[in-house]
Amino acid sequence: MRGLRLHPVGWRRALLPQPPQSCSFPKLFSSISQKLRSEKENALFPQIDAKWRARWEAEEAKWHRFQPADKRNAYILPMFPYPSGVLHLGHLRVYTISDVLARFKKMQGYEVIHPIGWDAFGLPAENAAIERGIHPETWTLQNIEKMKEQMKAMGGHWDWHREIRTCDPEYYKHNQRIFLMLYERGLAYQAESLVNYDPVDKTVLANEQVDANGCSWRSGAKVEKLMLKQWFLKISEFRKELLYDMDKLAENGNWPERVLAMQRNWLGRSEGVNLSFDVMHAERRNLLAPIEVFTTRADTLFAVQYVALSLNHPIIKEAAKEDKSLCGFLERAKDLPPDSKEGHLLENVTVKNPASNFVDDFDIHAQIPVYVAPYVLDYGSGAVMGVPGHDFRDHAFWRANAGDRPIRQCITSKPDELCTQLVYGSEQDRPMVEKGFVATHINGVLHLPSDQAVDEIVKLLQKKGVKAQKTENWRLRDWLISRQRYWGTPIPIIHCHSCGPVPVPVEDLPVQLPRLPDAFFHGKAGNPLAEDAKWKKTICPKCGSAAKRETDTMDTFMDSSWYFFRFLDPQNKESPVSPTNSCRMPVDVYVGGVEHAILHLLYARFISKFLAMTGLWPSGSGVNGEPFKKLITQGMVHGKTYSDPATGRFLRPEEVDLTEPSKPVIKSTGVTPNISFEKMSKSKYNGVDPGATISKYGADVTRAHMLFQAPISDVLEWDESSITGIQRWLGRVLRLCNAIFINGHGMKHFKPPSLLDQPLLDLLRELRERNILKPAQAVNLHLGPVLGSDEELVAALKPSEQTFWSKVQEIISSVTQSYSETYSLNTVVSDLMTLTNLIIQTSHTSDALSYLKFSATTHLLRMLAPIAPAVAEEGWEKLHEITTANFKHERLIYSDYPCNILGSHSIFNYGFPQGELAILPKLNPTQQCVFMVHGKKKFEVEIGKAPLSIPNRTNEGKYGESMKLVNWTIEQLLETEKGKEWLAMGEGTLWKISGTEEPSNIWPLLPKDWDIVVVKSGRLVNVTGPKKKESDKESSQ
Ligand SMILES: [Zn+2]
């Protein structure tokens, strides 16, 4: 069939008889569509995608030149991707969310920035280079090209003119600049630190790159702890601002509470007391300095049973000189995980409980043993006090190292109680970790509650001249940014023998990576920069003597800690960003995975706060230097996983027969497999390639399906079998755009309303002028409101039409709120499905309804456009082409209908629909009406609510007023099937009962001598005939 052949572009033209003059046109078209649905729907959507992608690319300039009158800005940003070369479903989810929000803002008239770039440095590229002998840059750029195609295929609209790649010297030049700015202010420094070192790859590893067994994730080698000179950024200097400014981020739920809690925990501010334990050596009395500890529970001081020191504590270093078994333990401890319960008891060294200064108790005066334990960090003083009776970890350590020795307690849950010892192996052998009251057997602290006891203990110790001080402690450590790797930003420092470390002068930036041959990388371990003698050799910028370049590169988290500034000024050669452009910070909505809750988001806040103190972001001080106003963290995507119920083995896709998607069967056994949704992984064979889904169903169907399946912050269980539901819905939207709601007769004269977002009363006035909206029946009878008044115009609509319009306005309001406030995009999809059904299912009552439905369809398409942009464009084009076809000759008015901005008819130029909630109280939603004859209920139907201007019962006010209510109510009833059955003039049941065809003198719509009472504004109607009336009189006499 010639007319049915599908073309990638313009398939609609092929189907559309032009111009559509035949009366039966919409019907004809819809039958073709139905055929299309069954045969070609799979192919339809990808073709629409392709058509509109090409159109958008051709009209790209118009997208950005469109300047709304009210120039508001919106900066919508998804976390930029690492160019792995493959776009996975998690990516697709985050980029769909940001694209939908950006398109929505654009339609609302905002000037939107929605950029994309590449977090292009990092280990995977370098490892690929080592494995394959291909330069990391070649590998990275190839991947970027692949992913760029995928980013376009998912229907996203990206500001490609703002694209950045962090591996570009033009980008990392500014990365180096920011490092030097930090260095100038003393916020970047070099220090010795204990680090994870991979002896095979010869590089420092991040903590995340060491597995649970203490082995390198890549080489598998046992990681060593080494003291090395490393570069740090002083994030600790900003810890107070990082903590306290979170209160502002928490407002209105702008940042998820979960992320804030994780950051608070990472910053780890705690209030406590610094205490000092005197050290005793069995042989060398008082030669050692007291041990300082920090504790948040000084109230448990009376139950301290040991003190533990870190592996690098000065006392341990000293003791190791003469203690061979200690040396052996230290060697072994290097390989122990940080949560190990192992410890080593020091010989000859004990400490004295400071509480012995004011408490007279045998236990407290006893000497306290000292351990070295890997669980104690080098942070702070590198020493902790052990209270097995009141701390889980201390309890476990004590039981592992001191065996069955009794455990003391000093805090009770109720006041005035005595503590008993915890006996090994008994049921009660559990620490009491809650706060409480100091037990009665402790003299001197008056059995105070925990918090007051802390204050009292500090006071008492200070009185005795013992060091004790209330203080705060932070968990956050400075940020180690040194990496002994090639594929990162070189740290711009030159080491000179006489001057020490000297910053590279700004005019010499960037310090570029040497271009090494591909083969150089093959099988290489360690840092290529350190081996490149030629690159290393340089001259000291200060004294001119021979010097060496720093060979460490920066952690790639540094690149991503400020890239959102660069998007605002990507071409700036002089500076990372100009103050004029940085004033468009902060980012309005930032979208990304919750796995970045700490590292990236904390570093980005730190560097932004720093930039707000410099000339680069002067306007930042107004927002506390916070870079992200609103943070959306999307949930993970889980894949459908099949396993064998007999063995639990995960099944490969080819092992499962999915002929009937709802009834999968294991091919080899014929058994139904277990189905679960789990994190996607190769070993579970549950990975999904979004590219395949997009090419099969089209980007719009995939996007809508993804959004519909789960709220954005929840886990998404990706189940492709339900995608056909979305496909059918979008198919119905497209069929609706054939203007199926206009009947054959109406189509001949159809002329769209002159404005898209026309208020209802204006629209009705226009329809009245064009003789489409007939006067309300009450007006015909000269009994209702004035012809053409607001009230009369509304009353001229049928109740069901008014209800239709109310529902449309309510949906617009709900969708707008979901897009802009709650971000519940799944609700948007379900609201739009409801609207689609409403338009299709509301039955045709008048030509005026066709116009209301036309408006509702334009609203539907514009609300759909952010989610399914190509389908919305296609529907928009089709709808307007069909509905303006009759009026093409009226060039001045309709050639550019509904408007034409810069020569682009893209739906995105027509703005987001404005819901008209103010009209709702004027519309008459329906009410139930009970119809009675002689006080007996005959039927109940839905009719329109009475206008406010008519009285709510018959015997109220003047006769004329009663007349209005009666006539209005009977008109409403005559609109219904039941009403017609009873009241149709001369034919209805009531007329038959009355046996007359003559109408009443008083109520012209009722038979002669019949009376009517209407109460409750038309919710109750009772009619009475003459015979009954007389008998009533008789009985009452
Ligand atoms: Zn020098």
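Why does C215 count as buried? At 16% relative accessibility, C215 lies below the cut-off of 20% under which a residue is called buried, and therefore it belongs to the buried class. The model in which this value was computed is a predicted one. A second cysteine can be treated in the same manner: C540 has 2% relative accessibility, so C540 counts as buried as well. A disulfide is a covalent bond between the sulfur atoms of two cysteines. The structure holds zero disulfides.

From these two residues one may turn to the whole protein. Of its 1037 residues, 53% are buried. The chain forms 38 helices and 32 strands. When contacts between residues at least 6 apart in sequence are considered, 71% of them join residues at least 24 apart.

The sheets can now be taken in turn. Strands of a sheet pair through backbone hydrogen bonds, either parallel or antiparallel. One open sheet consists of four strands in the order 4-3-5-15, and its pairing is antiparallel. Strand 4 (203-205) and strand 15 (479-480) stand at the edges; each has a single partner strand, so one side of each has no neighbour in the sheet. Strand 4 is joined to strand 3 (residues 188-198) by three bridges in the antiparallel sense. Within this part of the sheet, D198 stands opposite T203 of strand 4. A helix also belongs to this picture: helix 7 (residues 169-184) lies across strand 3 and strand 5 (224-233), and its direction makes an angle of about 90° with strand 5.

Another open sheet of four strands follows the order 18-17-20-19, again with antiparallel pairing. Here the edges are strand 18 (500-503) and strand 19 (537-539); because each has a single partner strand, one side of each is left without a neighbour in the sheet. From one strand to the next, the twist averages 45°. Inside the order, strand 17 (residues 493-496) and strand 20 (residues 546-549) run antiparallel and are joined by three bridges. The bridge partner of C496 in strand 20 is A547.

Further along the chain, strand 29 (residues 926-933) pairs in both senses. With strand 30 (residues 936-944) it runs antiparallel, and eight bridges join the two. In this pairing, Q927 stands opposite I943 of strand 30. Strand 29 and strand 30 form a hairpin with two residues between the strands, and in this hairpin H934 takes a positive phi near 50°. With strand 32 (residues 1020-1024), by contrast, strand 29 runs parallel, and four bridges join them. There, M932 has N1022 of strand 32 as its bridge partner. Strand 29 is mostly covered, since six of its eight residues are buried.

Helices pack against one another too, as one pair illustrates. The axes of helix 5 (residues 123-132) and helix 6 (residues 136-153) come within 8 Å and cross at roughly 120°. This crossing of helix 5 and helix 6 is right-handed. Helix 5 contributes P124, A125, E126, A128, A129 and R132 to the contact, while helix 6 contributes P136, W139 and T140. By character, the residues of this contact divide into six nonpolar, one polar and two charged.

Key
Residues are numbered from 1 along each chain as its sequence is written. This is a predicted model: local features need pLDDT of at least 70, side-chain atom pairs count only at pLDDT 80 or more; totals for chains, interfaces and linings use all residues. Side-chain values use heavy atoms; hydrogens and water are left out. Buried means under 20% relative accessible area, exposed over 50%, partly exposed in between (1.4 Å probe, protein chains only). Two strands pair if DSSP finds at least two bridges between them. Axes are lines fitted to C-alpha atoms, for helices over the stretch in contact, and angles run from 0 to 180 degrees between N-to-C directions. A crossing is left-handed if the near helix is turned anticlockwise from the far one by less than a right angle, and right-handed if clockwise. Contact means heavy atoms within 4.5 Å. Ala, Val, Leu, Ile, Met, Phe, Trp, Tyr, Cys and Pro count as nonpolar, Asp, Glu, Lys and Arg as charged, and the others, Gly among them, as polar. A disulfide is a pair of cysteine sulfur atoms within 2.5 Å.
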